[in-house]
Amino acid sequence: LKDQSLEFNKKFGEYFGPLHIHQSTPAPKDNPEFHLVYRKLQKNQSTYSFGDRLAGLDWHSDVSYELQPPGLTFLTLLDGPESGGDTCFANAEEAYERLSPKFKALLDGLTCCHSGFEQSHAYKAQGTLLRRAPVAHNHPIVRTHPLTGKKSLYISGNFATHINGLKLEESDTILKFLKDFIKSSHDLQIRANWEEGTVVCWDNRRVLHSSTVDWANQNVARHLYRITPQAERPF
């Protein structure tokens, strides 16, 4: 894909659905459908990469705060370190299947608020131009795949802020348990190793992902672009 034109990439992505335009992240001039990822380490890596946290990004599904989040994501590497900077993926369908019947029954019918406000505020604080006002929408914690009928956990990192209808402590306890379950279950996970021109495609309905920031060369940037066709409202 990287050797093709922007127009080719757009037409390719549009075959699978209308392309998502991110609320705040950089894009090529006059082509807001492309989401650019560019990270170059600085001297104080821990502050730049993690802020006040010990680890990197939470496991998430792309821009889940939208009313109709992306179905597929196509992520292409333009340039990156010789090693490191992998993207990790977790099988959210298998995660749901491992839960006990009683816990599945507890989750059935619950919805969670997915918010883009925190992300928008973080970009604004960095001086990034915002394209539109942030949004938040409620989605089921257990969503159903429209083609297979299979169920999966839809608990998308920092976007998933609270479970509707529960008190704060109840919501925090359940969300923390589910997120920790995904993080710690290595037998649900794979790692994508990037080389120049690598394209990784995944289904946001059934897969969660997280990037890694673990290369040492401060002169090398990890540079990718994303095209994300939107899909149905989660149900």
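These legends describe close-up views of a predicted model.

**View 1. The largest nonpolar core holds 23 residues.**
Six residues have the most contacts inside this core: Leu 107, Ile 141, Leu 153, Ile 155, Leu 178 and Ile 182. Several elements each supply at least two core residues: strand 3 (87-91), helix 3 (92-98), strand 8 (160-163) and helix 6 (168-184). Helix 6 gives the largest share, five residues. A further core lies apart from this one. That other core has nine residues, including Ala 192, Trp 194, Val 200 and Trp 202.

**View 2. Ile 155 and its contacts in the largest core.**
Ile 155 is among the residues with the most contacts inside the largest nonpolar core. Residues up to four places away in sequence are not counted here. Beyond them, Ile 155 touches Trp 59, Ile 141, Ala 160, Leu 175, Leu 178, Lys 179, Ile 182 and Leu 208. Of these partners, Ile 141, Leu 178 and Ile 182 also belong to the group with the most contacts inside the core.

**View 3. His 60 sits in a loop and is buried.**
The loop runs between helix 2 (45-50) and strand 2 (72-79). The relative accessible area of His 60 is 14%. Buried means under 20%, so His 60 qualifies. The His 60 side chain reaches the backbone oxygen of Asp 58 at 3.0 Å. Neighbours within four places in sequence are left aside in the contact list. His 60 is then in contact with Ser 156, Gly 157, Phe 159, Val 207, Leu 208 and His 209.

**View 4. Lys 104 lies in helix 4.**
Helix 4 spans residues 101-107. Leaving aside neighbours within four places in sequence, Lys 104 is in contact with Tyr 96, Glu 97 and Leu 99. The C-alpha atoms of Lys 104 and Val 142 are separated by 8.7 Å. Along the chain, these two residues are 38 residues apart.

**View 5. Four strands form an open sheet.**
The strand order is 1-12-2-10, and the pairing is antiparallel. Strand 1 (35-40) and strand 10 (199-203) are the edge strands. Each edge strand pairs on one side only. From one strand to the next, the twist averages 20°.

**View 6. Strand 1 pairs with strand 12 in the antiparallel sense.**
Strand 12 covers residues 221-227. Six bridges join the two strands. Val 37 stands opposite Leu 224 of strand 12. Strands of a sheet pair through backbone hydrogen bonds.

**View 7. Helix 1 has buried residues on one side.**
Helix 1 spans residues 6-14, and Asn 9, Lys 10 and Gly 13 are buried in it. These residues cover an arc of only 100° around the axis, so they lie on the same side of helix 1. Strand 12 is included in what covers the buried residues of this helix.

**View 8. Asn 9 is buried in helix 1.**
The relative accessible area of Asn 9 is 1%. That value falls under the 20% limit, so Asn 9 counts as buried. A polar atom of the Asn 9 side chain lies 2.9 Å from the backbone oxygen of Ser 5. Leaving aside neighbours within four places in sequence, Asn 9 is in contact with Leu 1, Gln 4, Phe 34, Tyr 225 and Ile 227.

Notes:
Residues are numbered from 1 along each chain as its sequence is written. This is a predicted model: local features need pLDDT of at least 70, side-chain atom pairs count only at pLDDT 80 or more; totals for chains, interfaces and linings use all residues. Side-chain values use heavy atoms; hydrogens and water are left out. A nonpolar core is a set of buried Ala, Val, Leu, Ile, Met, Phe, Trp, Tyr and Cys residues joined through side-chain atoms within 4.5 Å. Buried means under 20% relative accessible area, exposed over 50%, partly exposed in between (1.4 Å probe, protein chains only). Contact means heavy atoms within 4.5 Å. A polar contact is a pair of N or O atoms within 3.5 Å; within protein, one must be able to donate a hydrogen and the other to accept it, and residues adjacent in sequence count only if both atoms are side-chain atoms. Two strands pair if DSSP finds at least two bridges between them. Axes are lines fitted to C-alpha atoms, for helices over the stretch in contact, and angles run from 0 to 180 degrees between N-to-C directions. The arc is that of the directions from the helix axis to the C-beta atoms.
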